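Please find below a short note for your consideration. It takes up a surface patch, one strand position and the internal cavities, in that order.

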Amino acid sequence: MKRITFFLIYIFTIPYCFSQQDTTAVISGIYTLGEVVISESGDRSTVTAEEMEKYNSTNTASSLKILPSIVLGTFASRNESTVYVRGFDIRSVPVFIDGIPVYVPYDGYVDLGRFTVSDISRIDVSKGFAPAGYGANTLGGAINLVSKRPSHGMEIRAFTGIMSGKGLNSGINLGSRRGKFYIQAGLSYLGKEYVPLSMSFQTSTYEPDHRLDNSGTRDAKFSIKLGYVPGSKSEYSINYIYSHSSKESPVYLGNDPNVRSRYWEWPYWDKQSIYYISQTGFGDKYRLKLRAYFDSFRNELRSFDDGGHTTQSRNYSFNSFYDDYTVGGNLEFSSDVFRNNQLLFSAHFKNDNHSEHYNIEPVRHFADNTWSAGIEDIYRITSKLKIIPSVTYNFRQDLRAEDYDAGNRLVSDFPDNNSKSLNAQLAAYLGLSKSSWLNAFIAYKSRFATMKDRYSYRLGTGIPNPDLKPEDAINLGLSYKYSRPKLSVQPEIFYSNLFNTIQLVNYSEYDLTQMQNTGESVFSGADISADYSPFSFLDLYAAYSFIKRKNLSNPGILFTDVPEHRVFASAEVNIGTKLKVILSGEYNSRRISSTDGSRRVPGYALGNVRISYEFLNYLQGEAGVNNIMDTNYALQEGYPEAGRNFYITLRFNIEK
């Protein structure tokens, strides 16, 4: 850790030698250094901080559900929230904060329910086409949480609220910009004791009331950002984020006798990130952007004998410890030296380390290096037409992977599994008029198998597969956007052809699973979103998504957790200047919960209402009801979601 700190301090001093002393820089509430964009490329969607507040979204997963082609999901046995982007899970759509990868090194996942958003200015989602600035493994796109940055001399944003399930949601963000320097700090807490179930839920011996047992979560987060802006083309900052979480895990309440009951809880689930980002302009034609980071993840999983969560005497009881960290960096160099061309060069290095052990067993170590280098060109053919070609080379080096033989208590090495891939993309952007645009892309992308994909026994239910090959896909997309002051409409169609698809395969007769390259698959679909403001006091929004996923090589192995049809809609009514009423709802068709199709959940519809009132210019109160119809539904078979639930929040904002 000391080496990383000294390294960041050292590179933080370098830019003073090159920076231009121009004080015309404009700083907005968005931390632009954290963006990863290349002009109007690909299929990028955005959720703003205002929209997160509008729909009472408290974490990253719930924030993204308003976007088309994004489905909210869960790994319910782990009390873990996730999303699927055009059918791809977040191993193929990795998660970043300010362009820094924060997904867990071991399995490529991250619990999006643990990522609170009170210090986030917006969330960018690239779908199918992802800039080379993200590095490797962006098979289906990327998710980037862009943090906040102050733009005034003093900024105070504070909130506190209560919710059903004995929940508390509170936080404060303080920011200040003075001349060339700025500072931003945030502190938040989000927690609840239980999930309230629908009154339509049928109680049983395992769940005798309508308070879902062992479903509590607690998330505390601290962040701080220090920045220096010498001019309009240069900016330098150092950032620190620490989050401490603990969570419980509800038991399976379905009817499948092959599903084991798990009595799990995590006393700590902690992430810590320190990262440096700089951008230096050299004249009018060159720009260098540099990121360096250290990201760590630690957790403890406790498995108990039964729902009492007190004893650990049975063979499935254990304590599991993860200790992971990632060290890495990337640089982007852009040049406008050639007429009508903006060339972008990027290089990435990422060293992932994972350590784990159970109880008194010896610690097993895993380590990978991932390298990536790419070049992109934004070529302006005419004032209305741009094309963006991109080529990226990725390489993953297997440094260490240890196996443990519990019978002989011996640690040995798994076989090496190095992988490489060459990716290429091409996007075209055409302005048809002042109010309409057409965008098309084709992308050949890949994803390396994670450590868990290759080596995990999955607590005795899985078979390792060290020889997994990279998963590849050809993604195509076509979108049209029409935007006028009162109406905007954006239809899109997409198609992905996957090769060497990495999929969890169930062996029902042995009650075992294995990650396998199952062959060729196709994801295809369409979506449309529309925003219409017929009157000054009314804003209407709707998004519809359709997706079909087929395993061409093995039709009997089904894809799970993504409904074919999904609708989200909302209406915002402004009554006078101080009162707002927001109605929202969604519909999801049925989902499959197991690859053999034996477990399924029916479709469902939800409705929500939120009322906010501005008491003073700086003080706002809001109250709302989610799932107002008290629908009894599930995202995964055997794990019910929240029934009707309430919240009340008070917000305090000052900028001057």
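**Note on the predicted model**

1. Leu174 lies in strand β9, which covers residues 167-178. The model is predicted, and the points that follow should be read accordingly. Leu174 counts as partly exposed because its relative accessibility is 42%, a value between the 20% and 50% limits that separate buried from exposed residues.

2. Leu174 also belongs to a nonpolar patch on the surface, together with Ile172, Leu187, Phe222 and Tyr242. The accessible area of these residues together comes to about 410 Å².

3. Pro196 is located in strand β11, residues 195-196. With a relative accessible area of 14%, Pro196 is buried, since the cut-off for that class is under 20%. Its C-alpha atom is separated by 6.0 Å from that of His210, although the two residues are 14 apart along the chain.

4. Turning to internal space, the search of the whole structure returns nine cavities of 30 Å³ or more. The second largest cavity holds about 350 Å³ of space. It is lined by 33 residues, of which Tyr103, Asn137, Lys350, Asp352 and Thr370 are the closest to the centre.

5. Which elements each supply at least two residues of the lining of the second largest cavity? They are strands β17 (318-335), β18 (341-358) and β19 (364-380), along with helix α4 (451-455).

6. The lining of the second largest cavity is mixed in character: 15 of its residues are nonpolar, eleven are polar and seven are charged.

Technical notes
Residues numbered from 1 in each chain as written. Predicted model: local features only at pLDDT ≥ 70, side-chain atom pairs only at ≥ 80, totals over all residues. Heavy atoms only, no water. 1 Å grid on protein atoms, 1.4 Å probe; cavity = no way out; pocket = protein on both sides within 12 Å on 5 of 7 lines; lining within 4 Å. Points joined across faces, edges and corners; volume = space filled by probe spheres on them. Helix = DSSP H or I, 4+ residues; strand = E, 2+ residues; numbered from the N terminus. Nonpolar A, V, L, I, M, F, W, Y, C, P; charged D, E, K, R; others polar. Patch = residues over 30% accessible without salt bridge, like charges linked within 9 Å, V, L, I, M, F, W, Y side chains within 5 Å. Areas by Shrake-Rupley, 256 points an atom, 1.4 Å probe, with all protein chains shown as cover. Salt bridge = Lys/Arg side-chain N within 4 Å of Asp/Glu carboxyl O. Buried < 20%, exposed > 50% of the residue type's maximum accessible area, 1.4 Å probe, protein only.
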